[in-house]
Amino acid sequence: MKPSHFIYTILFIVTFFSCKTTQNVAATTPIKEVSNFERLASIPNIVSIEKKQPTSHFDENYEIWFEQPIDHNDPSKGTFKQRVFLGFENANLPVIVELRGYGIGSERAGELAAHYKANQLTIEHRYFNNSRPVTIDWNTLTIENAAKDQANIITTIRNAMYPDAKFISTGISKGCQTTMAHRRFFPNNVDASVCYVGPLNYKREDPRVYEFLKTVATKEDRDKVKAFQNLCFENRAALLQLMKNEAQQKSMNWEFGVEKAIDYTILEYSFAFWQWGIPLSSIPASDVSVAQIYKHLIDVVGYGFFEQKAVEDLQPYFWAALTQQGIYGYETAPFKNYLNTEEIYKFDWAFPDGISKAYDLKPMQDIKSYLDNSAEKILFIYGEYDAWSATAVELSDSAKNRALYKFVKPKGDHRTRIRSFSQNTQQSIYDIIDEWVQN
């Protein structure tokens, strides 16, 4: 045998036994399973993960912080951190994406995730709670930037954790507005959507609200609400003093002053009454004490919409409402005898200090056009007597062909959910959603 042949033979024998040894080791050494924590940690724009105590039916629960551009169209403006909760149950089950219009109030399963025992991805809206930069450039708080935040998160979570699962987005009230906007910018980022009690306003002070308050329920019911507001204005001086006393005890302030605060509170009463489904039987009679009048007024309206600290917490809401998403105002004509004006009371005072911006009609009209013409697989839930139903989505003639549906709970309020309906209607709703999560 030539030397070269001998060397090749030795190399072959060594290589053969090395391969066999490697195969044997591979066969006896278990492949390390990648944990969900490790999968999340592999996502480049996740900057913090904390595994928390499981909640609801979830096997695992994570608090996650994503790094997001302050302005998706201008990276030079820097980044901020956005909070997300992931309730993990099974990689093959649907993922319910809770798009919050505000901050995250709870990490527990919402109605859909609980019903399907599914996974849940809850996304805090930009600039609420601590999901904000140190200094906010309010012009970067747009529905487009928010939609891009959500699309970034959904796409990366899907790729890392749930490549084969169905994704269903959902949101309540402003979260419904958020869900509609996300679908308009990213129609295929999720497989379907369920929207609860969300307005689609066409003007900054949408006049459809005024018409709703004049026609909701029965005339007898509306007259009772109006009579209580008249009673409040008749006792305005005494109610104002009670509000001043409360303000002193609780260190409350109002940007437009306490004198204006009592007027706004009385004017808000009718909207809040129908929004929250307050029982007509709870309205005080005309001969009760001023203290009882004040208690009922605050029980219905509260301090959380006008008081300075509350307004600061809700500043992102007011900015969005006053610049793109719309809100309402207060008609004073029915109370002209008390207020000496017929001017619409507005929310201009709710802009951040030192900045204001004209309302842009186009974004909501753009969403309306999307829903009217091309949107698919969206289900809307409303309550008939909810004041925000004044500007509810109206479905076009082609809606059903594109699997758009709307269910209205008779006499329902802003807390209307699928479980609020009759058993037969609940079944009809879930039959639609079943189709989306299974196919």
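Is K336 buried, partly exposed or exposed? I looked this up first and found K336 partly exposed, with a relative accessible area of 41%; the classes are buried under 20% relative accessible area, exposed over 50% and partly exposed in between, with a 1.4 Å probe and protein chains only.

**Ground rules.** I note that this is a predicted model, in which local features need pLDDT of at least 70 and side-chain atom pairs count only at pLDDT 80 or more, while totals for chains, interfaces and linings use all residues. Residues are numbered from 1 along each chain as its sequence is written, and side-chain values use heavy atoms, with hydrogens and water left out.

**Overall picture.** I recorded 15 helices and nine strands in the protein, where helices (H or I, at least four residues) and strands (E, at least two) are DSSP runs numbered from the N terminus. Along the principal axes, the C-alpha atoms fill a box of roughly 120 × 50 × 40 Å. Of the 439 residues, 52% are buried. The protein exposes about 20800 Å², and carbon and sulfur atoms supply 50% of that area, computed by the Shrake-Rupley method with a 1.4 Å probe, where for residues only the protein chains shown count as cover. Taking contact as heavy atoms within 4.5 Å, I found that residues 24 or more positions apart account for 72% of the contacts with a separation of 6 or more.

**Salt bridges.** I then turned to charged pairs, bearing in mind that side chains of opposite charge can pair when their charged atoms come close. The structure holds 23 salt bridges, each being a side-chain nitrogen of Lys or Arg within 4 Å of a carboxyl oxygen of Asp or Glu. One of them joins K77 to D137 at 3.7 Å, N to O. Because K77 lies in the loop between β2 (60-69) and β3 (79-88) and D137 in the loop between β5 (119-123) and α4 (143-161), this pair ties together parts that are 60 residues apart in sequence. K77 is partly exposed at 38% relative accessibility, and D137 is partly exposed at 30%.

A second entry concerns K214 and E331, whose side chains meet in a salt bridge of 3.5 Å, N to O. K214 belongs to helix α6 (residues 208-215) and E331 to the loop between α12 and α13, so the pair ties together parts that are 117 residues apart in sequence. Both count as partly exposed, K214 at 46% relative accessibility and E331 at 25%.

Returning to K336, I found that its salt bridge with E342 has the closest N and O atoms 3.2 Å apart, and that E342 is partly exposed with a relative accessible area of 49%. Elsewhere, E63, R83 and E124 are joined into one network by salt bridges that share partners.

**Rings.** How many aromatic pairs are there? I noted 39 aromatic pairs, with rings of Phe, Tyr and Trp (its six-membered ring) pairing if their centres lie within 6.5 Å, and planes under 30 degrees apart counted as stacked, over 60 as edge-to-face and the rest as tilted. The pair F233 and F335 is tilted, because the ring centres are 5.2 Å apart and the planes stand at 40 degrees. F233 lies in helix α7 (residues 219-234) and F335 in the loop between α12 (315-325) and α13 (336-339), so the pair ties together parts that are 102 residues apart in sequence. F233 is buried at 5% relative accessibility, and F335 is buried at 5% as well.

I also checked charges over rings (NZ of Lys or CZ of Arg within 6 Å of the ring centre and within 35 degrees of the ring normal). R158 lies over the face of F167 at 4.2 Å from the ring centre, and K174 lies over the face of Y102 at 5.8 Å.

**Helix α4.** The 19 residues of α4 should span 27 Å, and its end C-alpha atoms are 27 Å apart, which agrees; the expected span is 1.5 Å times one less than the number of residues. Buried residues in α4 include I143, A147, I154 and R158.

**Two buried residues.** H296, in helix α10 (residues 290-301), is buried at 7% relative accessibility. Leaving aside neighbours within four places in sequence, H296 is in contact with F228, Y269, I278, S282, I283 and P284. L200, in the loop between β7 (192-196) and α6, is buried with a relative accessible area of 2%. Not counting residues up to four places away in sequence, L200 touches R208, M364, I367, K368, L371, T391 and V393.
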